[in-house]
Amino acid sequence: MKTLEMMIQTLCQAGRCPEETIRSSVKETGKPAVGCFPLFVPEELVYAAGFLPVGLWGGISSFQKSNQYIQSFACSIMRANLELGLSGKYDMLKAALIPSQCDTLKCVCENFKVAVPKVPVIGVTIPNNRTIQAAHGQLLDEFDYLSQALEQVQTADCRPMPLEEAFAVYEEYRAVMMEFINTVPDYLTTISPKVRHLILKAAWFMDKKYYTAQMRELLDALKARPKEDFTGKKFLVTGIMLDAEPVLELLEELGVAVVDDLLCHESMQFRTPTRAGGTVESKLAYRFLDLKGASPLYEPRKPRGDLLAQLARERGADGVLFCLMKFCDPEAFDHPLVKKDLAAQGIPLLSIEHDQLVESTEQLRTRIQGFLEINLS
Ligand code: SF4
């Protein structure tokens, strides 16, 4: 019988080793893989077309070939994706979906076509102004286009299914994930910052049906344990992503737990509730239109600071950790607004600039220690 520790270990390993996890998911499901670039793509369409959607969120730390196609002052996620594509790591993909949610992504969508011709690119055009009714119609048209584009790259191995079926798989996944997010605050010792992150990251490389089943088992085993009395400090984390194991290990070493997140890479993928009624396509469109607090998405009255303050109060967080991705303009524009809104509500904020290349955490150690001593002791 599998213990909770074994289940955690399995999912952490899956999150830590994307390439192996994708290869074994392809083998297990028999489905070919399609890559999904950050930040938000309608994975359900990929799943319904019979593919295995996998997340492409960078993950390497040295760039050589990609410098011909992208400037060194672009975010490390996009530089890494181009580097991995150029080095043949993405050759197994039948296509890559690249959305247009920031200026860097708009350029990368075109650059990737030239740099990595082996992987067909399917551009995902999203409405800039999500507040008008026309945005809903534009998304429905876009979904039609995407479904047709995916049909063009289908192979005999694909297992197409009705969109309703794919949507149901993702609805179950989202429900289980929100249950996990809501359960973690009661088990902050077992679910350390690194464990939490790796478990969530594993979802990007596995078939959601299989991943959800494993998460269900893990949750049941976790909830069967007595709640833990965590005595350290609790952070709410926000940003594009915090995929840097040395930073997560440092948090744990300093007695800090991650009690919840507003990260595009983690809970923002499944936090937005699905609207009742309407077709599945319409629900998919509204899931994107209703998404709040992501810096690259246009929001006339930026609500992220207020959302963070509310979540911090609900979770009993001691402070907010803003993980500012280096060279990410949308995050840099959001930061002063978030800082002002949190200050107005008396929520301590620690901002760190980072990328996926974290080698030394000594300066960061001093900053976190200083923040804990000055603001939270
Ligand atoms: S939103 Fe920021 S981190 Fe994401 S692709 Fe654009 S520049 Fe890079």
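What follows is a walk through the domains, sheets and helix contacts of this structure. The model is a predicted one, so please read every value below as computed from predicted coordinates.

Let us begin with the overall division. The chain falls into three parts: domain 1 takes in 1-13 + 162-225, domain 2 covers 31-152, and domain 3 covers 232-376. Domain 1 is therefore written as two segments, with the whole of domain 2 numbered between them. If you look at how these two parts meet, you will find their C-alpha centres 25 Å apart. Across that boundary, 13 residues of domain 1 are in contact with 11 residues of domain 2.

Now turn to the sheet formed by S2, S1, S3 and S4. These 4 strands make an open sheet in that order, and their pairing is parallel. Strand S2 (52-55) and strand S4 (121-124) stand at the edges; each has a single partner strand, so one side of each lacks a neighbour in the sheet. On average, neighbouring strands here are turned by 25 degrees against each other, direction ignored. Inside the sheet, S1 runs parallel to strand S3 (residues 96-99), and 2 bridges join them. One position to pick out is Cys-36, whose bridge partner in S3 is Leu-97. Helix H6 (residues 133-152) packs on this sheet and touches S3 and S4. The direction of H6 makes about 175 degrees with that of S4.

A backbone detail is worth a pause here. Strand S1 (33-36) and helix H3 (43-48) are linked by a loop that holds Leu-39. The peptide bond leading from Pro-38 into Leu-39 is cis, with omega near 5 degrees. For context, most peptide bonds are trans, and most residues other than glycine have a negative phi.

The second half of that remark finds its counterpart further along the chain, at Phe-327. Phi of Phe-327 is near 65 degrees, a positive value in a residue that is not glycine. Phe-327 sits in the loop between S7 and H13, which brings us to another sheet.

This open sheet also has 4 strands, in the order S6-S5-S7-S8, again with parallel pairing. Its edge strands are strand S6 (256-263) and strand S8 (349-354), each pairing on one side only. The average turn between neighbouring strands is 25 degrees, direction ignored. Strand S5 (residues 233-239) and strand S7 (residues 319-325) run parallel and are joined by 5 bridges. Along this pair, Leu-236 stands opposite Val-320 in S7. Helix H13 (residues 329-344) lies across S5, S7 and S8, and runs at about 165 degrees to S7.

Finally, let us look at a helix pair. Helix H1 (residues 4-16) and helix H8 (residues 193-202) have axes that come within 7 Å and cross at roughly 70 degrees. That angle is why H1 counts as roughly perpendicular to H8. The crossing of H1 past H8 is left-handed. On the H1 side, the contact is made by Ile-8, Leu-11, Cys-12, Ala-14, Gly-15 and Arg-16. H8 contributes Lys-194, Val-195, Leu-198, Ile-199, Lys-201 and Ala-202. Sorted by class, the residues in this contact are 8 nonpolar, 1 polar and 3 charged.

Technical notes. Residues numbered from 1 in each chain as written. Predicted model: local features only at pLDDT ≥ 70, side-chain atom pairs only at ≥ 80, totals over all residues. Heavy atoms only, no water. Pairing = 2+ DSSP bridges. Axes fitted to C-alpha atoms, helices over the stretch in contact; angles between N-to-C directions. Contact = heavy atoms within 4.5 Å. Parallel < 35°, antiparallel > 145°, perpendicular 65-115°, else oblique. Left-handed = near helix turned anticlockwise from the far one by under 90°. Nonpolar A, V, L, I, M, F, W, Y, C, P; charged D, E, K, R; others polar. Domains from an automatic or database assignment.
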